[in-house]
Amino acid sequence: MNYDAKKGSWVQVHQIILKPEERTAKIPEETKKVPLELWVKGYLNVEGNIGDVVEITTLTKRRVKGELVEINPIYDYGFGEEFVPELVRIGEMVKSIVRGDDK
Amino acid sequence: MALDMSYKGVMSRQDEIIKKSTRIEYSDYEINKLTFDYEKMMKDTGINLQDIIRIQRETGVGNTPLIELKNLTRLVRKISPNGKGARIFVKDEQCNPSGSFKDRRASISVYMAEKLGYKGVAAATSGNYGAAVASQAAMRNLDCIIVQECYDSKKVGQPEILEKQRKCECLGSEVIQLSVGPELFYSFLRSLEETGFFNASLYSPYGIAGVESLGYEIAMQCREQAGKDPDVVIATNAGGGNLTGTARGLIKAGAVDTKIYGASVDLSGLHMASDIDFNRKSFTTGHTGFSIPFTTWPDRADVPRSAARALRYMDEYLLVKQGEVFFITETLAQLEGMERGPAGNTSLAAAFALARELDEDQVIVVQETEYTSAGKHPLAQLSFARQNGIEIKFGNPDEEIPGKNIILPEHPSLINSRHYEMDKLRSSYIKNALKVVDVDELQDIDIEFLAEETNTNVDYVKKNLYK
Ligand SMILES: Cc1ncc(COP(=O)(O)O)c(C=O)c1O
């Protein structure tokens with residue numbers, strides 16, 4: 001059988017730490033309705049598929065069990081998905097004031 | 001017998017876990033439920049300012065340049081009455097190894113961890129502090145775990161927090177990412193217990209002592225470059241360690257007439273533990289959501305007695321709007337050629353407004369910058385805000401409603417320094433103290449303690465207690 005991830009792959013797992021009913025009292029309603037979740041990365045100890053409960057060994061050599069959610073997870077944020085032209089205008093505005101040609 | 005790892009079970013072992021992971025016996029400083037000996041706690045670190053500077057030199061921390069922002073001052077003077085427009089200087093703390101003043105805090109904690117023989121360090125932080133601890137741990141060959149509040153329930157993360165997570169991981173740290181909620185502390189305690197690592201708490205005496213060098217350097221550099229002590233030093237304020245440590249350092253340098261101002265981004269109306277509000281803010285630190293609770297009750301931190309006690313040192317507290325900080329960030333880039341991150345630029349926005357009210361020969365020092373990058377940059381932040389349905393427009397920032405819109409000032413003269421009433425902070429602190437101890441139980445020593453905590457006097461405290 002072919003697995004999504006081989007043993008020793010660098011992966012991210014997911015756990016539910018507290019179910020909604022286990023959450024502490026002093027939080028807003030919308031937060032009380034959802035579980036407290038955890039994600040951590042490490043090396044997969046056995047092969048596994050996305051969605052399986054697997055065990056990993058983290059960088060500090062902790063063994064953690066959780067649902068396999070990503071393999072070789074990437075950082076996918078950046079400088080925004082859409083340019084914000086207002087920023088160009090700010091630069092022009094302040095420069096023209098300092099240079100005295102804003103009249 | 002296996003340890004009870006449930007929420008209740010772990011929380012019931014809190015004192016034990018904290019003591020084992022900090023080696024500080026907090027009860028030694030407690031005189032009663034309310035009053036404790038703050039200065040003794042700071043002194044018992046056994047580390048004085050000279051030691052701090054030496055330890056920080058070992059890992060390349062501190063000694064950052066103080067830069068006069070001449071074009072920014074020029075801009076202030078163009079839009080101020082004749083004779084107004086103070087000189088603005090900035091302490092370029094992004095020159096620290098991990099890119100912020102937080103290296104000063106981490107440096108002493110990680111040094112202690114190494115000295116006490118710990119194999120690793122752990123910290124609960126979603127901020128720059130994680131990178132600072134990771135960086136210092138790397139230099140001292142210790143393992144590192146950072147526990148971070150990172151995502152909402154849809155696994156969507158604020159780009160700034162995602163950047164902070166990446167940086168920790170790229171510096172070799174393990175990062176435990178959590179969804180929104182204060183129960184992060186439970187996960188943190190579990191990690192401390194499981195690993196036996198040192199708790200490099202943001203709020204330990206080591207963490208705060210480490211910032212004293214920043215205040216000290218500012219006094220020395222300002223005397224050299226401006227020929228006098230700063231009139232005002234402005235610190236971006238959240239948990240209060242930045243302001244506290246800086247103020248203590250200034251005092252140690254003899255700059256006792258320098259006024260200490262705190263500045264925060266006004267995020268009133270947004271709840272910090274809300275799964276919905278979490279991604280509706282463009283600032284993840286230096287905002288009122290942290291600052292007001294921590295200023296009016298510091299001991300809500302991850303150690304029993306926080307060493308960050310901002311109200312002891314704060315002369316004034318200024319609020320700025322998100323749109324103003326974006327405007328100033330862009331101005332700093334385009335007028336001064338310095339791209340810097342959001343937290344430092346919060347106090348810069350306040351300084352800009354304040355400078356218009358002060359005389360030309362006065363000096364304001366903005367006591368930090370932080371690095372910027374993908375995720376932290378206004379392009380990332382504003383684009384993310386727009387995606388989340390926040391309106392972005394030019395106008396009067398006074399009309400900004402956090403979570404609803406971001407108003408970029410139509411003109412720099414609309415950047416405003418809004419004084420938050422110190423009286424409100426102080427009386428709120430005293431009210432919080434009365435949740436810990438009954439008013440009838442208070443003795444003279446407690447009243448004196450409250451006067452120190454609120455930077456007032458016994459009469460002021462009594463008036464507030466018995467009104
Ligand atoms: C760069 C920067 N400036 C200022 C602050 C605020 O510091 P404090 O939480 O000590 O008030 C933080 C941290 O939250 C920060 O990372």
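A polar contact is a pair of N or O atoms within 3.5 Å; within protein, one must be able to donate a hydrogen and the other to accept it, and residues adjacent in sequence count only if both atoms are side-chain atoms. That term returns in the exercises below.

The model is predicted, so local features need pLDDT of at least 70 and side-chain atom pairs count only at pLDDT 80 or more, while totals for chains, interfaces and linings use all residues. Residues are numbered from 1 along each chain as its sequence is written, chains are lettered from A and ligands numbered from 1 in the order in which they are written, and side-chain values use heavy atoms, with hydrogens and water left out.

**Exercise 1. Describe how domain 1 and domain 2 of chain B meet.**

Step 1. Start with the bounds, which come from an automatic or database domain assignment. Domain 1 of chain B covers 55-98 + 208-420, and domain 2 covers 422-465. Their centres, taken over C-alpha atoms, are 28 Å apart.

Step 2. Look at who takes part. Each domain brings residues to the contact (heavy atoms within 4.5 Å): 14 from domain 1 of chain B and 14 from domain 2 of chain B.

Step 3. Turn to area. Buried area is the accessible area (1.4 Å probe) that two parts lose on being put together, summed over both. Here the two domains of chain B bury about 1,300 Å², with 59% of it on carbon and sulfur atoms. On the domain 1 side, W297(B), L311(B) and R312(B) supply 48% of the area buried against domain 2, more than any other three residues.

Step 4. Add the polar links. There are three salt bridges between these domains, each a side-chain nitrogen of Lys or Arg within 4 Å of a carboxyl oxygen of Asp or Glu. R312(B) and E453(B) meet in a salt bridge, at 2.6 Å from N to O. Four residue pairs, both at pLDDT 80 or more, are in polar contact between the two domains of chain B.

**Exercise 2. Describe the interface of chain A and chain B.**

Step 1. Count the residues: chain A gives 44 to the contact and chain B gives 64.

Step 2. Find the area. The two chains bury about 4,700 Å² between them, 64% of it on carbon and sulfur atoms.

Step 3. Count the links. The interface of chain A and chain B has seven salt bridges; E194(B) forms a salt bridge with R62(A), where the closest N and O atoms are 3.2 Å apart. There are also 27 residue pairs in polar contact between the chains, both residues at pLDDT 80 or more.

Step 4. Locate the elements. Helices (H or I, at least four residues) and strands (E, at least two) are DSSP runs, numbered from the N terminus. Among the elements that give two or more residues to the chain A side are β2 (36-44) and α2 (86-99) of chain A. α2(A) gives the most, with 10 residues.

**Exercise 3. Which strand of chain B does β2(A) join?**

Step 1. Apply the rule: two strands pair if DSSP finds at least two bridges between them.

Step 2. Two bridges join β2(A) to β5 (residues 174-179) of chain B, and these strands run antiparallel. The bridge partner of L38(A) in β5(B) is L178(B).

Step 3. Now look within chain A. β1(A) and β4(A) run antiparallel, joined by four bridges, and H14(A) stands opposite E67(A) in β4(A).
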